[in-house]
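The following paragraphs walk through one protein model, beginning with its aromatic rings and moving outward to the strands and cores around them. Please keep the coordinates open while reading.

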Amino acid sequence: MKKDIANIRQEYRLASLLETEVDTNPMVVFNGWLQEAIKADVPEPTAMTVATSTFEGKPSARMMLLKGADENGFSFFTNYESRKARQLAQNPFAALVFFWPLLERQVRIEGKISKVSAKESDRYFKSRPVGSRIGAWASPQSQVIPNRRYLESLKMDFQEEFAKREIIRPDNWGGYVLEPILIEFWQGRPDRLHDRLQYRLENEGWILERLAP
């Protein structure tokens with residue numbers, strides 16, 4: 001029997017989120033929440049939705065993995081010829097969303113994205129498993145391909161090419177960093193009266209505000 005999705009709901013009761021209990025720096029709060037998600041064995045704690053749009057405002061979103069979160073911003077790595085990269089070339093403003101259901105928490109982030117340095121991209125690329133480095137060469141990301149066999153054939157070709165030499169980073173692959181201008185922390189609460197604390201960047205620094213749920 002098909003379940004009525006309109007009646008699917010969960011009551012949130014794990015925690016609260018108060019202005020008096022958070023740091024004035026949202027990056028400190030974020031990294032604290034991320035470590036709690038890791039300790040709680042949340043599946044894929046670094047998974048995030050990355051939303052981009054064209055110059056005309058047509059949006060698209062996909063799941064990616066966060067690879068860094070510090071005072072420079074939130075970083076991730078991808079193919080520079082992918083759909084998201086093409087959209088970022090048109091409109092560098094984007095949004096991230098983290099959802100940790102086991103902790104009844106969500107984080108929304110908005111800001112401007114730019115490429116990281118080639119040196120930083122090289123450093124991260126070298127840390128990846130061999131298969132992932134080969135995959136960066138083999139995948140014409142976001143392009144239409146004829147079948148799975150085509151992809152496997154490209155993979156085998158590059159495995160052969162790099163069998164006896166270092167797998168260098170392809171020029172069309174590297175990192176981005178989103179410099180946040182807004183970060184919102186959401187903590188589920190009973191009766192849908194959730195806690196929402198928003199940090200908004202202004203000239204003098206971060207402004208902390210509470211939003212109605």
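A search of the whole structure, which is a predicted model, finds 16 aromatic pairs. One of them joins Tyr80 and Tyr176, whose ring centres are 5.2 Å apart and whose planes stand at 85°, so this pair is classed as edge-to-face. Because Tyr80 lies in the loop between strand 4 and helix 2 while Tyr176 belongs to strand 7, the pair ties together parts that are 96 residues apart in sequence. Tyr80 is buried, with a relative accessible area of 16%, and Tyr176, at 5% relative accessibility, counts as buried as well. Tyr80 has a further partner of another kind, since Lys115 lies over the face of its ring, at 4.1 Å from the ring centre. A comparable arrangement involves Trp33, over whose face Arg105 lies, at 4.2 Å from the ring centre. Elsewhere, ring pairs link Phe30, Phe74, Phe98 and Trp100 into a cluster.

These rings are set in a protein of five helices and nine strands, whose elements, read from the N terminus, follow the order α-β-β-β-β-α-β-β-α-α-α-β-β-β. The C-alpha trace spans about 60 × 55 × 40 Å along its principal axes. Of the 213 residues in the protein, 40% are buried. Among the contacts with a separation of 6 or more, 64% are accounted for by residues 24 or more positions apart.

Strand 7, which holds Tyr176, is a useful element from which to trace the strand pairing. With 13 of its 15 residues buried, strand 7 is largely enclosed by the rest of the structure. Strand 4 pairs with strand 7 in the antiparallel sense over six bridges, and within strand 7 the bridge partner of Ser75 is Val177. Strand 6 and strand 7 are likewise antiparallel, paired over eleven bridges, and here Arg108 stands opposite Glu184 of strand 7. Strand 7 also pairs with strand 8, again in the antiparallel sense, over six bridges, and Glu184 has Gln198 as its bridge partner in strand 8. The UniProt record, an unreviewed entry, annotates residues 173–213 as "domain: Pyridoxine 5'-phosphate oxidase dimerisation C-terminal". That span is 0% helix and 73% strand, and its end C-alpha atoms lie 39 Å apart.

From strand 6 the pairing can be followed to strand 5, the two being antiparallel over eight bridges, with Glu110 of strand 6 as the bridge partner of Ala95. The hairpin that these two strands form has four residues between the strands, and in it Glu104 takes a positive phi near 55°. Strand 5 is also joined to strand 1 by three bridges, the two strands running antiparallel, and Ala95 in strand 5 is the bridge partner of Ala51. How are the residues of strand 5 divided between a covered face and an uncovered one? In a regular strand the side chains alternate between the two faces of the sheet. In strand 5, Ala94, Leu96, Phe98 and Trp100 make up the covered face, whereas Phe93, Ala95, Val97 and Phe99 make up the uncovered one.

The pairing leads on to the interior. The largest nonpolar core has 33 residues, and those with the most contacts inside it are Phe30, Phe74, Phe98, Trp100, Val107, Ile109 and Phe185. Among the elements that give two or more residues to this core are helix 1 (26–39), strand 4 (73–79), strand 5 (93–100), strand 6 (105–115) and strand 7 (173–187). Helix 1 gives the most, with six residues. The surroundings of Val107 illustrate this core in detail: leaving aside residues up to four places away in sequence, Val107 touches Phe30, Trp33, Leu96, Val97, Phe98, Trp100, Ile183, Glu184 and Phe185. Apart from the largest core lies another, of twelve residues, which include Val116, Ile134, Leu154 and Phe162.

Ile134, a member of that other core, also appears among the buried residues of helix 4 (residues 130–138), which are Arg133, Ile134, Ala136 and Ala138. What covers the buried residues of helix 4 includes helix 3 (118–127), helix 5 (148–161) and strand 7. This returns the reader to strand 7, which takes part in that cover and pairs with strand 4, strand 6 and strand 8.

Notes. Residues numbered from 1 in each chain as written. Predicted model: local features only at pLDDT ≥ 70, side-chain atom pairs only at ≥ 80, totals over all residues. Heavy atoms only, no water. Core = buried A, V, L, I, M, F, W, Y, C linked by side-chain atoms within 4.5 Å. Buried < 20%, exposed > 50% of the residue type's maximum accessible area, 1.4 Å probe, protein only. Contact = heavy atoms within 4.5 Å. UniProt positions renumbered as here; feature names shortened; annotations may be inferred. Phe/Tyr/Trp six-rings, centres within 6.5 Å; stacked < 30°, edge-to-face > 60°. Lys NZ or Arg CZ within 6 Å of the ring centre and 35° of its normal. Pairing = 2+ DSSP bridges.
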